[in-house]
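Colleague: Before I plan around this model, I would like to go through the words used for its empty spaces and its ligand. Could we take them one at a time, each with its definition?

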Amino acid sequence: MSLVIDNIGQLVTNDPALGQGPLGLVENASVVIENGLVTAVGPAGQNADQAIDAAGACVLPGFVDSHTHLVFAGDRAQEFTTRMAGQTYDGGGIRLTTQATRTATDDQLRALAAARMQEARQGGTTTVEIKSGYGLNVADEARILRLAAEFTEDTTFLGAHLLPAEYADRADDYIDLVCGDMLTACAPHAKWIDAFCETGAFDADQCRTVLTAGRAAGLGLRLHGNQLGHGPGVQLAVEMGCASVDHCTYLSDTDIDALANSDTVATFLPATDFSTRQPYPDGRRVLDAGATVALATNCNPGSSYTTSMSFCIALAVRDLNLTMEEAIQAATVGGAAALQHTDVGRLTIGSAGHAVVLNAPSYHHLAYRPGIPLIAEVVV
Ligand code: NIG
């Protein structure tokens, strides 16, 4: 079965060999997809079994959201409200979500995650990573990952998200559990392992222990770091060769140098900084230093309850000082790099046929018209 997206006014390929500039822009274009893969990028008017008429609008690769926590139960709207009234975010609400998630049935968690996946898809996200981290015991961490694997191949074991209440003052015992029985139960359902390296969560030595155990179990490495203040997260992520270090809200010059001289992607989560009233990171400095940058939603009930990559793009342009083109790249090929995928985030011959048709003539509208649902059609 073949499909053509025809009459594209502005096509973003992310392949400079196919078109103009870093986004590889082609005007008056069409894209042919056969058996899920892009087989032709050319002028408008190519043929296929089925056709979508873009009617002169902009078409982009589907967004790659490389950081979410989509499997959870419970609501923390009140926590957001108190934060807007001046309360500081410290991550402690993770325990509330853990309570609610532990008591939810599989069917309830599945339905909640499916609704969030549908919302993300309607917003143009075609590749998504999902972390555990709201089980914090062996059975519930494994259960969350098993459910997450129903939605994506990019599942991440985040047992080291926060110390659960029953392990208060026994952090070393909990790290032993994460690296032992919990990892054994979770690894079959996970591709990645992650840890929250932050004051109040886990320190660099504890995170190194978790990542080392995860690597030995065959998992790829990722890290939450430098979210709530300066700290060792970025340096540790680079030392361990993590695919990505996520948040990067507080970066020193040394952190930026380390990122620039590594293959570790700096993933910004600006909707989190929005929702927690943290300062925005200076993405410009990180890009100018030569690091690879991604944008992701961090969809979770506490610090960032949004699946909207368009919102993240708008924030990145407005507040992280990325150009429009850099923000689009960060939300597509940047996310792909953070997940070490080469087949998504681009519309080039042989890549996955994941495309977004905008209800707008150019990609600029994604930041120019914030809050407006501009995704007309999503092709997967
Ligand atoms: O990335 N930083 C740790 N984890 C999430 C927060 C989760 C929560 O508050 O429930 C984050 O912001």
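Colleague: Which residues around the ligand come nearest?

Modeller: Of the 15 residues around the ligand, Arg76, Tyr89, Tyr134, His161 and Ser303 come nearest, where a residue is near if one of its heavy atoms lies within 4 Å of the molecule. This is a predicted model, in which local features need pLDDT of at least 70 and side-chain atom pairs count only at pLDDT 80 or more, while totals for chains, interfaces and linings use all residues. Residues are numbered from 1 along each chain as its sequence is written, and side-chain values use heavy atoms, with hydrogens and water left out.

Colleague: What makes the pair between the ligand and the side chain of Tyr134 a polar contact?

Modeller: A polar contact is a pair of N or O atoms within 3.5 Å; within protein, one atom must be able to donate a hydrogen and the other to accept it, and residues adjacent in sequence count only if both atoms are side-chain atoms. An oxygen atom of the ligand is 2.6 Å from an N or O atom in the side chain of Tyr134, so the pair qualifies. For Ser303 the distance from a ligand oxygen to a side-chain N or O atom is 2.5 Å, and for His224 it is 3.4 Å, so these pairs qualify too.

Colleague: How do you know where the ligand sits?

Modeller: The ligand sits in the largest cavity, which means that more than half of its atoms lie within 2 Å of the cavity's grid points. A cavity is a set of points, on a 1 Å grid over the protein atoms alone, where a 1.4 Å probe fits but cannot get out; lining residues have an atom within 4 Å of a point. The volume of the largest cavity is about 90 Å³, taken as the space filled by probe spheres set on points joined across faces, edges and corners. Of its 14 lining residues, Tyr89, His161, Gln227, Asn300 and Ser303 are the closest to its centre.

Colleague: Why is the other space called a pocket?

Modeller: A pocket is an open set with protein on both sides within 12 Å along at least five of seven lines, and the largest pocket holds about 320 Å³ of space. Its lining has 18 residues, with Gly123, Ser308, Ser310, Ile372 and Pro373 nearest its centre.
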